[in-house]
Every structure is written in C-alpha cells, then in structure tokens.
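Me: I would like to go through this model with you one question at a time, and I would ask that each reply shows its reasoning before it settles on a value or a name.

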Amino acid sequence: MITRKALLRVSKPVVLIAEELSPATLEALGSDFEIRNCDGANRAELLPALAAGVDAVLIRSATKMDAEAIAAAKGLKVVARAGVGLDNVDIPAATAAGVMVVNAPTSNIVSAAELAIALLLASARHVSPAHAALKNGKWARSKYTGAELFEKTLGVVGFGRIGQLVAHRMQAFGMKVVAYDPYLQPARAAQLGVDLVSLDELLEKSDFITIHLPKTKETANLIGEAALKKVKPTVRIINAARGGVLDEAALYAAISEGRVAGAGLDVFATEPCTDSPLFALDQVVATPHLGASTDEAQERAGIAVAVSVRKALSGELVPDAVNVKGGEIHEEIRPSLPLVEKMAQIATAFEAELPVSIEITVSGEVSEHDCSILGTAALKGALIATGMEDVTYVNSPNLAAEKGLTSSVVTEAECEDYRSMISLRAAFSNGNRVEVDATLMGIRKVEKIVRINKFDIELPPADHLLFLVYEDKPGVVGHVGNILGNAKTNIANMQVARDKAGGEALMALTVDSAISAQVVAQIANEIGARVARSVSLQS
C-alpha cells in the first residue's frame, strides 16, 4: 500500500548533485526536493543517473554537461554550475533542449581578487623561489631583493568587478592605479580614484600590471609580443583571469631577455598545465587555477545556484540564467526583439564604445502593446557588441547598470511611412549620437534597416555588415569591391546613400563572411572613410 507520505516523496522534483558541494548548498535547497548524488566525472555513473529522470543537476568543473549528457536527461529543466565558468556546459545544446543554465557569476570575485593580489605580492618579494631555496638549505637573502608597492603604479587591464576590487585594495598600499577598459565610463573611473588610460599608456607607465579580462576573439593574446616591448623592464605582470589573454611564449621571451622582471600566473592557455617553460624561471610564481578555490567562494556559489534552482523549478525568473529570455511578451512584440538587438549592436559598433543611454521609440500599430521589453533587448544588443559573454534578457539590465548604460521606451500611435517602425537613439560619452530606424515588412515580418543617422537605406541586417561614411566621389564603389574581391569576401547586398552630390555618403554592405580589421583599414585608407566599421551581428 502506498502511503500519502510516500506519494508526496515521489512527487518532489529531483535534484542530482554530481559533485561535492558545501553543506550550505543543501540547506539552501531545503526539503522540497528529492536529492540524489553521483560522481559526475564518471560518465558511466553520470549518464544513467541523468537518464533515471532529474529536474535539475548541480555541478562544478569536473562534470561535463555536453550534448550527450543533456540528451540523456529527459525532463531536465536546469543545469546549475556552482561557480563562474561554463566551459563544461554545452549551452547551445541546453538551449535547444529547453534547459536553463545558471551559474554564480559573483561568487568568486573576492577570492579571485585576493589571489591576484597574493600573486602580485609574491612576485614583488620573490616569495616562491626564496621559500624553495630556504627549504633546500640556502639562506639567500641578497639574491632575492624585491620591490615595494608603495608609490608605484598599478595598471589594471579590464576594470570590471574583480579589477575594481583589486584597485581598491591596492590603493590602501599607497599605489597609484591606472586602468584600461574601453567600455568603462570616465566618470565611474574618477569616482573610484582611478585614471582611465589607453592600453599603450598603461603598458608604458605601470610598475605592476594585473589582467582582469574574459578571453574573447578581441582579447586573445592582447598582452603579447608587441605589448611586452612597451613595458618597463622592472614591470611584473599578474594574470589570474583567463588563460590566453597573456601570451605565454611572449612572456617567457620577455622575462628571459630581461624586458620583464617577473610574473604571477594562475591561469594558462591550456589547462591543466603542468609543463611550461615559464615554470623553470625563478621570476615566475604560478598556481593551478586557484582563483575560486576558497571555502567561502564555494559556499557562496553553492548557495547562489541552490536559490536559482528553487526559483527555476517554481517558474520564477532567474537573475543568473545565461540562456533564458523571461517574462510575458505579446506575440506582436516578439519579432521585434531580435531586430532591436541588432539595431543596438549596429549603433554601438558605429562609435566602437558602449552608449551611456539608448532611447527606443515605437510608432504605429505595434505601439498599442506593452513594448517595455524592447528596452532590455537594446541593452542586450549593446552589451553583446562590446564583447561581453553570456548576456541574456534576464541579466542584461544588471550588467548594463554596472556599465552605466540606461534604456527607455516610448510609443507613438502614428507612423507616416510604415505600419510600424522602431527608432533607436544611442547617446555616447563623447557627445555623439547614432540613430538607427528599422521596421518589419510584410506578413513574413522581414527585418529592414531603413535609416542610419541622416541616410535613408533599405538594408536587411545580415550576419556580417560593413558600414562606410566618406566624401561622395566617383570610383568609391569600385575600390571597395576590388578590395573585398581580393580578400575573397562576397558582397550580398550594397546600399549607397548621400546627403547631396559631393557631400557625405554612407555605404552599407552585407557580406557572406566576417571582414578582418586589416581589410577594413585598407578600405578606409583607400577611400578616405571617416567611419569604417565591420559588424558581425550576434544573438
């Protein structure tokens, strides 16, 4: 006979804990779930445990929730990573399967900042080689003379949450802090007592450099051979962010040749990394990716994802979801969401920096519905255009607020030229504004950009775009076509608009593949373009 108690137990959502998590994680989950455990690193144990039917799975870094694992977990609703990185989760596969992916993006920021500082101090005072020498019976005081931090300049490359924590703490050491972050507003830097500078100026001025950037196409090997030729020979470089931002081969050469005094490394281009030429250098102190490895960080991460799981399984919006668009959106508004994202990406790319504000005006028939979600779409598009990863409709408002970006939406019932139209106005810190108008045409709601600034065009926002603003003169179209042809880049669509004959002109092209920065620069130089921007739209 099945008792009522047994029936209630069976009906509880099932949470599979695939790795060791802090006791606080279980406490945060509470008694509303059936808890199961397995060794997530063991595929022979993980896959059957998933196939047995689970609503959520909690993991750390050892469990690979790839397409195979997600496919095995019929009925899975949430993958929760108790930490920041999501390299071990196949997010596209999870999204396709309707599985929410959540993490704990702020759980380790204090731990990561403190480790960066520990590596900086250890590098400055030769702690690692002096420790090893003493344990080997050598009293080598004169060999390991170090450097003070007081009144030295610290360069912070990437001034997000962790970079700001490091800066604040090192100011207490009497250090002057300069920062490079192309998306940070100068007012925010001034508020924190930090000088915002170019990367070249940071490299030239800094006595210590600490890196706090994600690895993207733009940041890969950012601190490489060319950068390391601009630094002081007494500089010490710390990377406790992501491997691959600092070129390890170039760093080895710079230290070996006396062009860099030392380094502290917690992350590497390929991990696990147990054999690197850098490990043979006394000037390098290295740790095996310990940035998040504190009891406090692990506890915060466990509690954060437990709360997210509870919210997700109860149907609430989850602030730390990385792949879910939330909220009730009218069916007439939904097709406008990806369009507004693209409009914001184009506007942001035109100035090559994050706007400070975006104003959306919705006019015509669609304006009778709640359009407020379009403001979030604009934030998401602008943030994506700056290279930020894992931006969603759930987390973009908070991310934008941290960057000083706001959005607003207004509606107008009348629209003269179209049944409905969306106008986006982006304002930038330098006082410039970029205006993009677009519409959805016909029953199929085909996306069309119809105006950029003062230029009327009719351009489908394809994956790869090129925008050129230049003085109207004969031969420009031919020059652009020849250069793209030589670069094996096929033009799918071209629109040319001008304010008057011989005045300023806009050329907008859709192409079949991304255009390299070198080709864009060549085109700009050839035609004397005031603006030359290649844009690869993302969703």
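Me: Where in the chain is Pro272 found?
Reply: This is a predicted model, and the peptide bond that leads from Glu271 into Pro272 is cis, with omega near 0 degrees. As for its place, Pro272 is found in the loop between β11 (262-265) and β12 (284-286).

Me: Which residues form the negative surface patch?
Reply: The largest share of this patch, 3 residues, comes from helix α13, which spans residues 295-313. Asp295 has its place in helix α13, and its relative accessibility is 68%, so Asp295 counts as exposed. The full set that forms the negative patch is Glu27, Glu114, Asp295, Glu296 and Glu299.

Me: Which side chain makes a polar contact of 3.3 Å with that of Gln164?
Reply: Gln164 lies in helix α8, residues 161-171, and a polar atom of its side chain lies 3.0 Å from the backbone oxygen of Phe159. The contact of 3.3 Å is another matter, since it joins two side chains, and the partner of Gln164 there is Arg188.

Me: How many salt bridges does the structure hold?
Reply: Side chains of opposite charge can pair when their charged atoms come close. One such pair is Arg36 with Glu34, whose side chains meet in a salt bridge at 3.0 Å, N to O. Arg36 is partly exposed with a relative accessible area of 26%, and Glu34 is likewise partly exposed, with 25%. For the structure as a whole, the number of salt bridges is 25.

Me: What is the separation of the closest N and O atoms in the salt bridge between Arg43 and Glu68?
Reply: This pair links distant parts of the chain, with Arg43 in helix α3 (residues 43-51) and Glu68 in helix α4 (residues 67-72), 25 residues apart. Arg43 counts as partly exposed at 26% relative accessibility, and Glu68 is partly exposed as well, with a relative accessible area of 47%. In the salt bridge that Arg43 forms with Glu68, the closest N and O atoms are apart by 2.6 Å.

Me: Why can the salt bridge of Lys454 and Glu504 be said to tie together parts of the chain, and how many residues apart are they in sequence?
Reply: The side chains of Lys454 and Glu504 meet in a salt bridge of 3.1 Å, N to O. Lys454 lies in the loop between β17 (446-452) and β18 (455-459), whereas Glu504 lies in strand β21 (residues 504-511), so the pair ties together parts whose separation in sequence is 50 residues.

Me: Which residues are linked with Lys454 in a network of salt bridges?
Reply: Lys454 counts as partly exposed at 40% relative accessibility, and Glu504 is partly exposed too, with a relative accessible area of 21%. Glu504 belongs to the network, and the residues linked there with Lys454 are Asp499, Glu504 and Arg530.

Me: Is Lys380 buried or exposed?
Reply: Lys380 lies in helix α15, residues 373-385, and its C-alpha is 6.3 Å from that of Val391, although the two are 11 residues apart in sequence. The relative accessibility of Lys380 is 5%, and because the cut-off for this class is under 20%, Lys380 counts as buried.

Me: What is the phi of Lys445, a residue that is not a glycine?
Reply: Lys445 is found in the loop between β16 (433-441) and β17, and with a relative accessible area of 34% it is partly exposed. Its phi is positive although Lys445 is not a glycine, and the value is about 55 degrees.

Me: What is the relative accessible area of Lys488?
Reply: Lys488 has its place in the loop between α17 (476-486) and β20 (491-498), and its phi is near 60 degrees, a positive value in a residue other than glycine. Lys488 is exposed, and its relative accessible area is 75%.

Me: What distance separates the C-alpha atoms of Leu199 and Thr287?
Reply: Leu199 lies in helix α10, residues 199-205, and at 13% relative accessibility Leu199 counts as buried. Leu199 and Thr287 are 88 residues apart along the chain, and their C-alpha atoms are separated by 26 Å.

Terms used: Residues are numbered from 1 along each chain as its sequence is written. This is a predicted model: local features need pLDDT of at least 70, side-chain atom pairs count only at pLDDT 80 or more; totals for chains, interfaces and linings use all residues. Side-chain values use heavy atoms; hydrogens and water are left out. Patches are made of residues with over 30% relative accessible area and no salt bridge: like charges are joined within 9 Å, nonpolar side chains (Val, Leu, Ile, Met, Phe, Trp, Tyr) within 5 Å. Accessible areas come from the Shrake-Rupley method with a 1.4 Å probe; for residues, only the protein chains shown count as cover. A salt bridge is a side-chain nitrogen of Lys or Arg within 4 Å of a carboxyl oxygen of Asp or Glu. Lys and Arg count as positive and Asp and Glu as negative; His and the chain ends are not counted. The place of a charge is taken as NZ of Lys, CZ of Arg, CG of Asp or CD of Glu. Helices (H or I, at least four residues) and strands (E, at least two) are DSSP runs, numbered from the N terminus. Buried means under 20% relative accessible area, exposed over 50%, partly exposed in between (1.4 Å probe, protein chains only). A polar contact is a pair of N or O atoms within 3.5 Å; within protein, one must be able to donate a hydrogen and the other to accept it, and residues adjacent in sequence count only if both atoms are side-chain atoms.
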